[in-house]
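This report goes through a protein model, from strand pairing to a metal site and helix packing. The sequence and the structure come first.

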Amino acid sequence: MQVHPAFDLVIRNARIATAADTFSADIGITDGVIASLGQGLSDGAREIDAAGRWVLPGGVDAHCHLDQPSDDGTVMADDFASGTRSAACGGTTTIIPFALQRRGGTLREAVADYHARAAGKPIVDYAFHLIITDPTPALLETELPALIAEGYTSFKIYMTYDALKLDDRRIIDVLEVARREKAMTMVHAENADCIAWLTERMLERGLSAPSYHALSRVPVVEREATHRAISLAEMLDTPVLIVHVSGRDAIEQIQQAQLRGAPIYAETCPQYLFLTEDDLGGGGFEGVKCLCSPPPRDAANQASVWRALDHGTFQVFSSDHAPYRYADAHGKQIAGDHAPFDRVPNGIPGLETRLPLLFSEGVMQGRIGVQRFVSLTATEPAKLYGLYPRKGSIAIGGDADLVIWDTFAPQPIRNRALHHAVDYTPYEGREVRAWPALTLSRGTILWERATGYVSEARGRGEFLRCARPVDYHRQSRPGRRQLFPWLEALGIA
Ligand code: DUC
Ligand code: ZN
Ligand code: ZN
């Protein structure tokens, strides 16, 4: 009699880490879901021997930009096909890019347009954040609450960039809706007027090389906006997540708020660990390959970011992948190959290198533990954006989004070996000691390092509707309401 295998796939001899534990087990997978964890599991129709290597949850990259529309002629090199291919090859199995509201347009239009851009392309699963640039009464009263209920439960707002920024009053209006509807607000915290003044004065004096980008956005500019964003969030007692935090000044603001018990969360990115402002200065115009906002800082700030990653100030480690090609009149050179720094699109690629860099320099060099790595790169982003427990961990009933990690003697990163559509990486030549051997999404192999195999199953990635972020239990705790008498007086629930 033919005996049916117990599982579709069994991964044997896995050294598993979750945010909470490490243990050795076999992983039994059926219908793309983790069906069993244990020793000596029964047969699978297919078997993979992890041979004692680390098997970690697939990465959740909760901040990346793909095929984002613009009004300034820039074009992002990566769409949902090349972007998710690159993600998978670097161990990321869920991405959350941004549906951007055009000023004068609605959020509904932004979401419909972004779904059309994604259609038939992603190989990994994906959700959408929203970007709110024009919070009209109709948006605040009708559109946004409806979209939150439909699974778009997080949105980003900007305190800088003329085409995107909201003033404090508009930020408060948006936070009030976020509080009522239990959504997560992500804030780009830099002071627009400070940047405008510094930029104007620098350009008047002919200081226009890429390195002056960093001086036009010095840490105090980020610190002030971070403090203000936190203050507004505290006034509304609603969670805010400060994105792409670059160094000590902003970290101190966040830590003080967290110590006060304020619902403040924070994200940092590879560029604040692995680049410095000196990378903007070397090589003439090529410095723009490292031009992003906030800018990379110095070695002391890198050390502050490492400490805050280890201590738990940060919940999220994302790429902020912003794929502008270097030698491209729609990319970094949209205003020419000697353009002043303020005419260069902000952002750098990093979807594929995010996890290998952090695993190599963080886990293998002993700066953070493997459980912290899992928490920052998968579990916490999944929780904060309402994708947990389907995503973000290795647990029975969760999707079998898994990465088996190879470790090896240091090898340089080469852009020609990456899978994005950008013509450079800011990390060219930088050595890593680890890379995903295998990336699985819902039990399907998407990437195999030994053979260079990459799935071509465009469109297999599923759109994920996000639940409310897990944080909101805090507000219903008995006694919390009386800490906010002004909200009580206003009857704001
Ligand atoms: N800064 C942003 O605010 N977004 C994209 C990339 C960047 O550098
Ligand atoms: Zn930003
Ligand atoms: Zn961004």
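## Strands, zinc site and helix packing

Ile242 stands opposite Ala266 of strand β14. The two residues belong to a pairing in which β13 (residues 240-242) runs parallel to β14, with 3 bridges between the strands. The model is a predicted one, and the values below are computed from it.

Strand β14 covers residues 264-268 and is mostly covered, with 5 of its 5 residues buried. Its side chains are divided between two directions: Ile264, Ala266 and Thr268 point one way, while Tyr265 and Glu267 point the other way. Residues on both sides are buried.

A further set of strands forms an open sheet of 3 members, ordered β6-β7-β9 and paired in parallel. Strands β6 and β9 (125-126) each have a single partner strand and stand at the edges, so one side of each has no neighbour in the sheet. Strand β7 (residues 92-95) is joined to β9 by 2 bridges, and the two run parallel. Within this pairing, Thr94 has Asp125 of β9 as its bridge partner. Helix α12 lies across β6 and β7, and its direction makes an angle of about 120° with β6.

**The zinc site**

Which protein residues are the donors of the zinc ion (ligand 3)? They are His63 and His65, each through NE2, and Asp320 through OD, at 2.0 to 2.1 Å from the ion. Written as a sequence pattern, the spacing of these donor residues is H-x1-H-x254-D. His63 and Asp320 link distant parts of the chain, being 257 residues apart. His63 is in the loop between β6 (59-61) and α1 (80-89), and Asp320 is in the loop between β15 (316-317) and α12 (354-363). A second zinc ion (ligand 2) is 3.9 Å from the zinc ion (ligand 3).

Is His63 buried or exposed? His63 is buried, as is Asp320. For Asp320 the relative accessible area is 9%, and the residue counts as buried because the cut-off is under 20%. Asp320 also has a backbone feature to check: its phi is near 50°, a positive value in a residue other than glycine.

**Other backbone features**

Tyr161 likewise has a positive phi, near 75°, and is not a glycine. Tyr161 sits in the loop between β11 (154-158) and α4. At 25% relative accessibility, Tyr161 counts as partly exposed.

Two cis peptide bonds are also found in loops. The bond joining Ser293 and Pro294 is cis, with omega about -10°. Pro294 lies in the loop between α10 (278-281) and α11 (299-311). The bond from Tyr388 to Pro389 is cis as well, with omega near 10°. Pro389 is placed in the loop between α13 (370-384) and β16 (402-412).

**Helix packing**

Packing of two helices is described by the angle between their axes and the distance between the axes. The table gives these values for two pairs.

| Helix pair | Angle | Axis distance |
|---|---|---|
| α3 (residues 137-149) and α4 (residues 168-181) | about 45° | 11 Å |
| α12 and α13 | about 155° | 10 Å |

The angle of about 45° between α3 and α4 makes α3 oblique to α4. Helix α3 passes α4 in a right-handed crossing. Where they meet, α3 contributes Leu140, Leu144, Pro145 and Ile148, and α4 contributes Asp173, Val174, Val177, Arg180 and Glu181.

How are α12 and α13 oriented to each other? They are roughly antiparallel, because their angle of about 155° is over 145 degrees. The crossing of α12 past α13 is right-handed. On the α12 side the contacts come from Arg354, Leu355, Leu358, Phe359 and Val363, which meet Val370, Phe373 and Thr377 in α13.

Helix α12 thus appears in several parts of this account: it lies across β6 and β7, packs with α13, and follows the loop that holds Asp320.

Definitions and conventions. Residues are numbered from 1 along each chain as its sequence is written. Chains are lettered from A and ligands numbered from 1 in the order in which they are written. This is a predicted model: local features need pLDDT of at least 70, side-chain atom pairs count only at pLDDT 80 or more; totals for chains, interfaces and linings use all residues. Side-chain values use heavy atoms; hydrogens and water are left out. Donors are N, O and S atoms within 2.8 Å of the metal (3.2 Å for Na, K and Ca); water is not among the atoms, so sites may look incomplete. Helices (H or I, at least four residues) and strands (E, at least two) are DSSP runs, numbered from the N terminus. Buried means under 20% relative accessible area, exposed over 50%, partly exposed in between (1.4 Å probe, protein chains only). Two strands pair if DSSP finds at least two bridges between them. Contact means heavy atoms within 4.5 Å. Axes are lines fitted to C-alpha atoms, for helices over the stretch in contact, and angles run from 0 to 180 degrees between N-to-C directions. Angles under 35 degrees count as roughly parallel, over 145 as roughly antiparallel, 65 to 115 as roughly perpendicular and the rest as oblique. A crossing is left-handed if the near helix is turned anticlockwise from the far one by less than a right angle, and right-handed if clockwise.
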